[in-house]
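User: I am new to reading protein models. Please take a close look at the aromatic rings and their surroundings, and show me how they fit into the rest of the fold.

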Amino acid sequence: RSIERTLQNLSFRESGNRADIKILDTNGEYSFGRFMFQLKTFYAFGKQYGILPADLELEEAENYIYDPEIQWNIAERMVQDGLLERHLQICSAKIKT
């Protein structure tokens with residue numbers, strides 16, 4: 001299965017492929033955008049992968065979190081690094097079934 005297909009399926013299952021969505025998750029934190037990233041996860045991996053600006057502060061990351069291209073790029077790198085199951089457990093399990 002290609003990474004692109006995996007990401008398309010994940011985006012659809014997470015958010016209906018909606019870039020503008022924000023929900024309060026079961027852990028009490030908000031999840032945002034097409035891959036339902038929580039702010040700390042989005043920020044940490046965006047910085048780690050060099051996708052977000054190096055000098056960006058956590059509080060500023062919400063200005064970027066709704067960008068579908070940035071979310072895609074972070075999720076793609078996470079899949080390449082084998083982190084899909086660890087950070088997106090529920091939906092990635094559904095995709096495999």
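Analyst: Here is a walk through the fold, with the aromatic rings at its centre.

Start with the overall layout. This is a predicted model. The protein has five helices and three strands. Along the sequence they come in the order α-β-β-β-α-α-α-α. There are 97 residues, and 39% of them are buried. Now take the contacts between residues at least 6 apart in sequence: 50% of these join residues at least 24 apart.

Now the rings. A pair of aromatic rings is described by the distance of the centres and the angle of the planes. Two rings pair if their centres lie within 6.5 Å, and planes over 60 degrees apart make the pair edge-to-face. By this rule, the count is five aromatic pairs. Take F32 and Y66: their ring centres are 5.6 Å apart and their planes stand at 85°, so this pair is edge-to-face. Where do F32 and Y66 lie? F32 belongs to strand 2, residues 30-32. Y66 sits in the loop between helix 2 (39-48) and helix 3 (68-80). The two parts are 34 residues apart in sequence, so the pair ties them together.

Is F32 buried or exposed? F32 has a relative accessibility of 4%, so it counts as buried. The cut-off for buried is under 20%. Its partner Y66 has a relative accessible area of 30%, so Y66 is partly exposed.

Other rings form a group. F35, F37, F42 and W72 are linked into a cluster by ring pairs. Two of these names return in the helices. F42 is among the buried residues of helix 2, together with L39, Y43, F45 and G46. W72 is one of the buried residues of helix 3; I70, Q71, I74, A75, M78 and V79 are buried there too.

A ring can also have a charge over its face. K22 lies over the face of Y30, 4.3 Å from the ring centre. Y30 is also touched by Q38.

Q38 deserves a stop of its own. Q38 is in strand 3, residues 37-38. Which residues does Q38 touch, leaving out those up to four places away in sequence? They are D25, N27, E29, Y30, S31 and I65. Two polar contacts stand out by name. The side chain of Q38 meets the side chain of D25 at 3.3 Å. The side chains of Q38 and S31 are joined by a polar contact of 3.4 Å.

Next, the loop before strand 3. M36 lies in the loop between strand 2 and strand 3. M36 is not a glycine, yet its phi is positive, about 55°. With a relative accessible area of 8%, M36 is buried.

Now go back to helix 1, residues 3-15. How far apart are the end C-alpha atoms of helix 1? They are 18 Å apart. At 1.5 Å a residue, its 13 residues should span 18 Å, so the two values agree. The buried residues in helix 1 are T6, L7, L10, S11, E14 and S15. They cover an arc of only 130° around the axis, so they lie on the same side of helix 1.

R13 is in helix 1 as well. Its relative accessible area is 44%, so R13 is partly exposed. R13 and R34 are 21 residues apart in sequence, and their C-alpha atoms are 9.0 Å apart in space.

What follows helix 1? It is G16, with a positive phi near 70°. Then look at N17, in the loop between helix 1 and strand 1 (22-24). N17 is not a glycine, but its phi is positive too, about 65°. N17 has 42% relative accessibility, so it counts as partly exposed.

Two further helix ends are followed by a glycine. G50, just after helix 2, has a positive phi of about 75°. G82, just after helix 3, has a positive phi of about 75°.

Finish with helix 3, which carries W72. Its 13 residues should span 18 Å at 1.5 Å a residue, and its end C-alpha atoms are 18 Å apart, which agrees. The N-terminal end of helix 3 is capped by D67. A side-chain oxygen of D67 lies 2.8 Å from the backbone nitrogen of E69.

Technical notes. Residues numbered from 1 in each chain as written. Predicted model: local features only at pLDDT ≥ 70, side-chain atom pairs only at ≥ 80, totals over all residues. Heavy atoms only, no water. Phe/Tyr/Trp six-rings, centres within 6.5 Å; stacked < 30°, edge-to-face > 60°. Helix = DSSP H or I, 4+ residues; strand = E, 2+ residues; numbered from the N terminus. Buried < 20%, exposed > 50% of the residue type's maximum accessible area, 1.4 Å probe, protein only. Lys NZ or Arg CZ within 6 Å of the ring centre and 35° of its normal. Polar contact = N/O pair within 3.5 Å; in protein donor to acceptor, adjacent residues only side chain to side chain. Contact = heavy atoms within 4.5 Å. Expected span 1.5 Å × (residues − 1). Arc of directions from axis to C-beta.
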